[in-house]
Amino acid sequence: NLVEAVVLLLNKFGWNWIATVGSDDEYGRGAQELFLSIAGNHSICIAFEGLIPTDRADPKAKNQLEDTIKLINKTKVNIIVLFAFSQPAQDLLEHSISMGLSEKVWIGTEAWMLSDLAASIPNIQSIGTVLGFIMKAGTVPGFQKYVADLFTSVQQDKFCQESREFNHLMNSDMLDTHCKQCDHISQHDVSSILSHSQIQPVYVAVYSVAYALHRRP
């Protein structure tokens, strides 16, 4: 869906002469391969496609990044689609700035769009315009109530003892072990995590797998 959305955006603005860059890992390679297969069916010309290193400690990393910027510059494209996690994206953007790459339209995904690493790069505004896609957030039905009920339950000694005894994988001498740190955790301490945007995607993923398993003959 994400890749299709990128293609629709390119078609919407008539951007058909572009460069695409992916991080040299499963995410970057997979997303770029899918993007190339779909873009080809929508009259989008790929002037440059390349992969950038994920390990900045690699002696070849700096040269690879510089070569990528030089090749993009030669194509004279104004649109760059970047499929990468935050660290490789930061490295590419930093080199783009230091090497004086002209302003471009960068199209990214939440893998780096939501990261403070990219946003905090000095002179980041000089790279041009950044357009990005992020997964739609939502509220997991009943999750807040489940957590509230769970905190109420674990404060009762009977619940804790039954929970420890139920875990048959534990050694018998550990059943009475008490976690002192747990006494200092309240629902207020985890309230910020409950609203985190990654909860919804995890819920959807687990629900989808469970639904698929139920549908198996």
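Tyr-203 lies in helix H10, which spans residues 199–215, and in this predicted model the residue is partly exposed, with a relative accessibility of 33%. Together with Val-204, Tyr-207 and Tyr-211, Tyr-203 forms a nonpolar patch on the surface, and the accessible area of these four residues comes to about 410 Å². Tyr-203 qualifies for such a patch because membership asks for over 30% relative accessible area, and its computed value is 33%.

A contrasting environment is found at Thr-20, a residue of strand E1 (residues 17–23). Thr-20 has a relative accessibility of 0% and therefore counts as buried, the limit for that class being under 20%. Its side chain makes a polar contact with the side chain of Gln-32, at 3.2 Å. When neighbours within four places in sequence are left aside, the residues in contact with Thr-20 are Gln-32, Phe-35, Leu-36, Ile-46, Phe-48, Glu-49, Gly-50, Val-81 and Phe-83. Gln-32 thus appears both in this list of contacts and as the partner in the polar contact.

From this buried position the account can turn to charged side chains. Side chains of opposite charge can pair when their charged atoms come close. Over the whole structure, a search finds 4 salt bridges, and three of them can be followed here residue by residue. In one, the side chains of Arg-29 and Asp-24 meet with a nitrogen-to-oxygen distance of 2.9 Å. Both partners are partly exposed, Arg-29 having a relative accessible area of 40% and Asp-24 one of 38%.

Another salt bridge joins the side chains of Lys-62 and Glu-66, where the distance from N to O is 2.4 Å. These two residues both belong to helix H3 (residues 61–75) and stand 4 residues apart, about one turn of the helix. Glu-66 is classed as buried because its relative accessible area is 19%, and the class takes in values under 20%.

Helix H7, covering residues 143–154, holds both Asp-149 and Lys-145, again placed 4 residues apart, or about one turn of the helix. Their side chains form a salt bridge of 2.8 Å from N to O. The two ends of this bridge fall into separate accessibility classes: Asp-149, at 37%, counts as partly exposed, whereas Lys-145 is exposed, with a relative accessible area of 58%.

Aromatic side chains provide a further set of pairings, and the count of aromatic pairs comes to 4. Among them, Phe-13 and Trp-15 form a stacked pair, with 4.7 Å from centre to centre and 20 degrees between the planes. The pair counts as stacked because its planes are under 30 degrees apart. Phe-13 is partly exposed, with a relative accessible area of 48%, and Trp-15 is also partly exposed, at 21%.

Tyr-27 and Phe-85 make up another of the aromatic pairs, this one tilted, with centres 4.8 Å apart and 35 degrees between the planes. The pair links distant parts of the chain, for Tyr-27 lies in helix H2 (residues 26–39) while Phe-85 sits in the loop between strand E3 (79–83) and helix H4 (86–98), the two being 58 residues apart. Tyr-27 counts as partly exposed at 25% relative accessibility, and Phe-85 is likewise partly exposed, with a relative accessible area of 41%.

Note on methods
Residues are numbered from 1 along each chain as its sequence is written. This is a predicted model: local features need pLDDT of at least 70, side-chain atom pairs count only at pLDDT 80 or more; totals for chains, interfaces and linings use all residues. Side-chain values use heavy atoms; hydrogens and water are left out. Buried means under 20% relative accessible area, exposed over 50%, partly exposed in between (1.4 Å probe, protein chains only). Rings of Phe, Tyr and Trp (its six-membered ring) pair if their centres lie within 6.5 Å; planes under 30 degrees apart count as stacked, over 60 as edge-to-face and the rest as tilted. Patches are made of residues with over 30% relative accessible area and no salt bridge: like charges are joined within 9 Å, nonpolar side chains (Val, Leu, Ile, Met, Phe, Trp, Tyr) within 5 Å. Accessible areas come from the Shrake-Rupley method with a 1.4 Å probe; for residues, only the protein chains shown count as cover. A polar contact is a pair of N or O atoms within 3.5 Å; within protein, one must be able to donate a hydrogen and the other to accept it, and residues adjacent in sequence count only if both atoms are side-chain atoms. Contact means heavy atoms within 4.5 Å.
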